[in-house]
Amino acid sequence: MSLRRLVLWRHGETDFNAVGRMQGHLDSALTEVGWNQARFAAPALARFAPDLVIASDLRRATDTATVLTDAIGVPLRIDKRLRETHLGEWQGLTGADVDARAPGERDRWRADATWAPPGGESRVDVADRAYEVVADLLGTDEGYETVLLAAHGGLILALTARLLELPVAFWPTLGGIVNCHWVELGRHHGGWRLHAYNAGMTG
């Protein structure tokens with residue numbers, strides 16, 4: 001069998017999320033809330049019966065992934081291509097900090113998937129490297145039908161848009177992904193179809 005389903009799972013809340021700081025490639029840690037979000041989501045994700053979990057090498061994603069893999073005994077791989085968008089000079093700053101330094105640039109970044117923060121990556125750049133992970137899965141004969149990627153909000157949005165072959169101008173119409181929520185995509189006749197977006201558990 002070949003790959004027929006992808007689940008893209010965002011990590012739990014981090015110490016940076018909790019205070020509104022931009023993370024990018026900075027290696028922030030899960031808060032206790034974030035660990036609990038992962039534990040709460042794991043039973044729902046287990047129902048997808050993933051054959052493999054691949055996580056970003058940033059610990060917020062890896063730690064989130066291990067909550068699931070430890071619970072259901074599924075192999076875990078680490079892949080740095082699943083890292084969050086590199087935010088360049090914005091990393092570690094709050095949104096207010098960025099707005100004070102460069103008024104209007106966060107709005108420009110949100111509105112244009114080809115634009116990158118100073119010293120950072122665009123959403124298109126992120127989608128290109130994340131897509132390599134999916135291409136590798138499609139090119140393998142290991143027989144994975146369902147794979148879960150434990151990653152980051154910006155990457156998940158960009159990869160979803162790329163897999164659905166949305167025109168780049170439409171990428172900003174996709175909303176953000178809440179901590180520990182996920183996207184489900186199914187493969188049909190060689191293309192990808194969106195089954196769920198920003199899905200998650202409440203409570």
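Which residues have the most contacts inside the largest nonpolar core? The close-ups below start there, and every view comes from a predicted model.

**View 1. The largest nonpolar core.** This core has 23 residues, and the ones with the most contacts inside it are Leu-6, Leu-8, Ile-54, Leu-137, Val-147 and Leu-149. At least two residues of the core come from each of these elements: β1 (5-10), β2 (52-55), α6, β4 (146-151), α7 and β5 (182-188). Helix α6 gives the largest share, five residues. As a general background, nonpolar side chains tend to be buried together in soluble globular proteins.

**View 2. Leu-137 and its surroundings.** Stay with Leu-137, one of the residues with the most contacts inside the largest core. Setting aside residues up to four places away in sequence, Leu-137 touches Leu-3, Leu-6, Leu-52, Ile-54, Tyr-144 and Val-147. Elsewhere there is a second, separate core of 18 residues, which includes Leu-45, Val-53, Ala-150 and Trp-182.

**View 3. Where helix α6 meets helix α7.** Here we look at α6 (residues 123-138) and α7 (residues 153-163), whose axes come within 8 Å and cross at roughly 75°. Because of that angle, α6 is roughly perpendicular to α7. On the α6 side, the contact is made by Arg-123, Val-126, Ala-127, Asp-128, Arg-129, Ala-130, Tyr-131 and Val-134. Their partners in α7 are Gly-154, Leu-155, Leu-157, Ala-158, Leu-159, Arg-162 and Leu-163. Sorted by character, the residues of this contact are 10 nonpolar, one polar and four charged.

**View 4. Phe-48 and Trp-182, an aromatic pair.** The model holds three aromatic pairs, and this view shows one of them, Phe-48 with Trp-182. Their ring centres are 6.5 Å apart and their planes stand at 85°, so the pair is edge-to-face. Distant parts of the chain are linked here: Phe-48 sits in the loop between α2 (32-46) and β2, Trp-182 sits in strand β5, and 134 residues separate them. Phe-48 is buried, at 13% relative accessible area, and Trp-182 is also buried, at 6%.

**View 5. A cluster of tryptophans.** Trp-90, Trp-109 and Trp-115 form one aromatic cluster. Take Trp-90 and Trp-109: with ring centres 5.5 Å apart and planes at 90°, this pair is edge-to-face. Trp-90 belongs to the loop between β3 (76-78) and α4 (95-101), while Trp-109 lies in helix α5 (residues 105-111), 19 residues apart in the chain. Are these two rings' residues buried or exposed? Trp-90 is buried, with a relative accessible area of 4%, and Trp-109 is buried too, at 12%.

**View 6. Two residues of helix α3.** Thr-64 is found in helix α3 (residues 59-72), and Asp-70 lies in α3 as well. What sets their surroundings apart is accessibility: Thr-64 counts as buried because its relative accessibility is 1%, under the 20% cut-off. Asp-70, by contrast, is exposed because its relative accessible area of 65% is over 50%. Beyond its neighbours within four places in sequence, Thr-64 is in contact with Trp-9, Arg-10, His-11, Gly-12, Leu-30, Ala-38, Arg-59 and Cys-180. For Asp-70, look across to Ala-42: the two are 28 residues apart in sequence and 10.0 Å apart in space, from C-alpha to C-alpha.

Key: Residues are numbered from 1 along each chain as its sequence is written. This is a predicted model: local features need pLDDT of at least 70, side-chain atom pairs count only at pLDDT 80 or more; totals for chains, interfaces and linings use all residues. Side-chain values use heavy atoms; hydrogens and water are left out. Axes are lines fitted to C-alpha atoms, for helices over the stretch in contact, and angles run from 0 to 180 degrees between N-to-C directions. Helices (H or I, at least four residues) and strands (E, at least two) are DSSP runs, numbered from the N terminus. Angles under 35 degrees count as roughly parallel, over 145 as roughly antiparallel, 65 to 115 as roughly perpendicular and the rest as oblique. Contact means heavy atoms within 4.5 Å. Ala, Val, Leu, Ile, Met, Phe, Trp, Tyr, Cys and Pro count as nonpolar, Asp, Glu, Lys and Arg as charged, and the others, Gly among them, as polar. Buried means under 20% relative accessible area, exposed over 50%, partly exposed in between (1.4 Å probe, protein chains only). A nonpolar core is a set of buried Ala, Val, Leu, Ile, Met, Phe, Trp, Tyr and Cys residues joined through side-chain atoms within 4.5 Å. Rings of Phe, Tyr and Trp (its six-membered ring) pair if their centres lie within 6.5 Å; planes under 30 degrees apart count as stacked, over 60 as edge-to-face and the rest as tilted.
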